[in-house]
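Let's take a walk through this model together, from the overall picture down to its metal site. Please have your viewer open as you read.

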Amino acid sequence: MKIFGCIVGLALLSVQVSCLKSPPGAETLTACTNIAVRKEVRSLTSAEWSAYTEAAKAAYNDKWIDWFGYLHDRIAMPIHGNSMFLVYHRALTRDYEKILRGYNPSVSVPYWNSMVDYQKPDTSAVLSNTGVGGNGQGDGGCVNTGFASTWEYSYPSKHCLRRKYNNGTGISSWYSPEFVTHILQSSVKYSDICAGLENSVHGVVHLSLAGEMDTMYSPEDPAFWIHHANIDRLFSQWQAVNPDERTYLIDGVAPDGSVMTLNTPLVGGTSKPAYTVMRLGYGDMCYTYDTIEKATAGDDASLLKRDVQKCIPRPNPATEAIKQLPVHVLEKFYPSFANGTVNPLENEMTSLTPLHPIGYDGTFVPRSPNEELRGKMPVPAKLTAEWKNMQNACEEEVKELEDRACAMVEALNKANYLSPYLF
Ligand SMILES: [Cu+2]
């Protein structure tokens, strides 16, 4: 009888058995005794942020950043445009985190929730002097702000840290929390969430920051790691919505064109099979995310703080707004909101306090059609031909996703939905 990984619980008169489907080999992965919690980069204390940047600087001085740029470049083809993408980048980000923890064991890689910056990414505090720095300057396009402003790399040849925003001094719109919520709720298979994230948030942030970020040695930009921690967070949340089914769910195409399985070896200097990185908190994957902790601790993510005057929980205006969309829009884009089964983990409308909260008393007032104060949701930037080529992306898959993003924005604007993340 196989009881490993099963949680046996009594529910009323019936016995409910919830069983994680773990593959052969996974039983050798031991539970971590210490689990690091990755937090949003803006929610770190200044001491936590400076510990992180000091560890990153030490890794830079020891040429680790050059190494990661070289490694990622050398294996660029097998790790993008197929089902290796999420699992490989999870392993890579964890390897980087372990290097940093060698300098300071208290450090974790923070994640950058770039979705909340989607309307005007260049104004994000993350891209400022107190964060990872901003746009490159002058002919060389060297970044002269942020903690890596003096960094120089030797791979592929001697150069500074470069960025070149895709709109000159600005950056075109990114993917919104609304769209990522859609991806989280509508992805059924591993290959859905893998391609959905790779070709939306992942690609657009990379190519619009440009400089190092639209090359295959992009790990040389410190933005790479906090961006990939965010992609991994979304993958982890999607898994955690239904751990029994999704922890070890994998499908799609492997780098060699065969079917991706849990035993497909991760590429890039390791022959470890994919199953070794599927379950957070086990084996080498000794970390989690603050959003997962909050959701599983029973914090009702649909509620923000208490209303101080009335002493009652205050509904999250972001979630309230989206729930009031017409039923046909909900059914098309937000199946879990439509059928009332939403799990906080598949609702990105709650992971960070909206920049511009509305309806604090809990009543949501839709924007009137002629209200000029707030803009309509912008359509996210599209992947460029060069990017798709470099990433080995499936043209039809990308087009389907971008059309869906466009249709979602149109439907929400038509319903006079007011995104709390718009200026
Ligand atoms: Cu990559």
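A residue is called buried here when its relative accessible area is under 20%, with a 1.4 Å probe and protein chains only. By that yardstick, 53% of the 423 residues of the protein are buried. Keep in mind as you look around that this is a predicted model.

Now for the overall build. The protein contains 13 helices and ten strands. If you take the contacts between residues at least 6 apart in sequence, 74% of them join residues at least 24 apart. On the outside, the protein exposes about 18400 Å², and 55% of that area is supplied by carbon and sulfur atoms.

Next, let's go inside. The largest nonpolar core has 113 residues, and those touching the most other members are Tyr-52, Leu-86, Val-87, Tyr-96, Trp-112, Leu-209 and Tyr-334. Helix α3, which covers residues 84-103, gives this core its largest share, ten residues. Where does the core lie with respect to domain 1 and domain 2? It lies between them, because domain 1 (29-295) and domain 2 (300-414) both give residues to it.

Finally, turn to the metal. Which residues coordinate the copper ion? His-72, His-80 and His-89 do, each through its NE2 atom, at 2.0 to 2.1 Å. Along the sequence, the spacing of these donor residues reads H-x7-H-x8-H. Coming back to the measure we began with, His-80 and His-89 are both buried.

Note on methods: Residues numbered from 1 in each chain as written. Predicted model: local features only at pLDDT ≥ 70, side-chain atom pairs only at ≥ 80, totals over all residues. Heavy atoms only, no water. Helix = DSSP H or I, 4+ residues; strand = E, 2+ residues; numbered from the N terminus. Buried < 20%, exposed > 50% of the residue type's maximum accessible area, 1.4 Å probe, protein only. Contact = heavy atoms within 4.5 Å. Areas by Shrake-Rupley, 256 points an atom, 1.4 Å probe, with all protein chains shown as cover. Core = buried A, V, L, I, M, F, W, Y, C linked by side-chain atoms within 4.5 Å. Domains from an automatic or database assignment. Donors = N, O, S within 2.8 Å, 3.2 Å for Na, K, Ca; no water.
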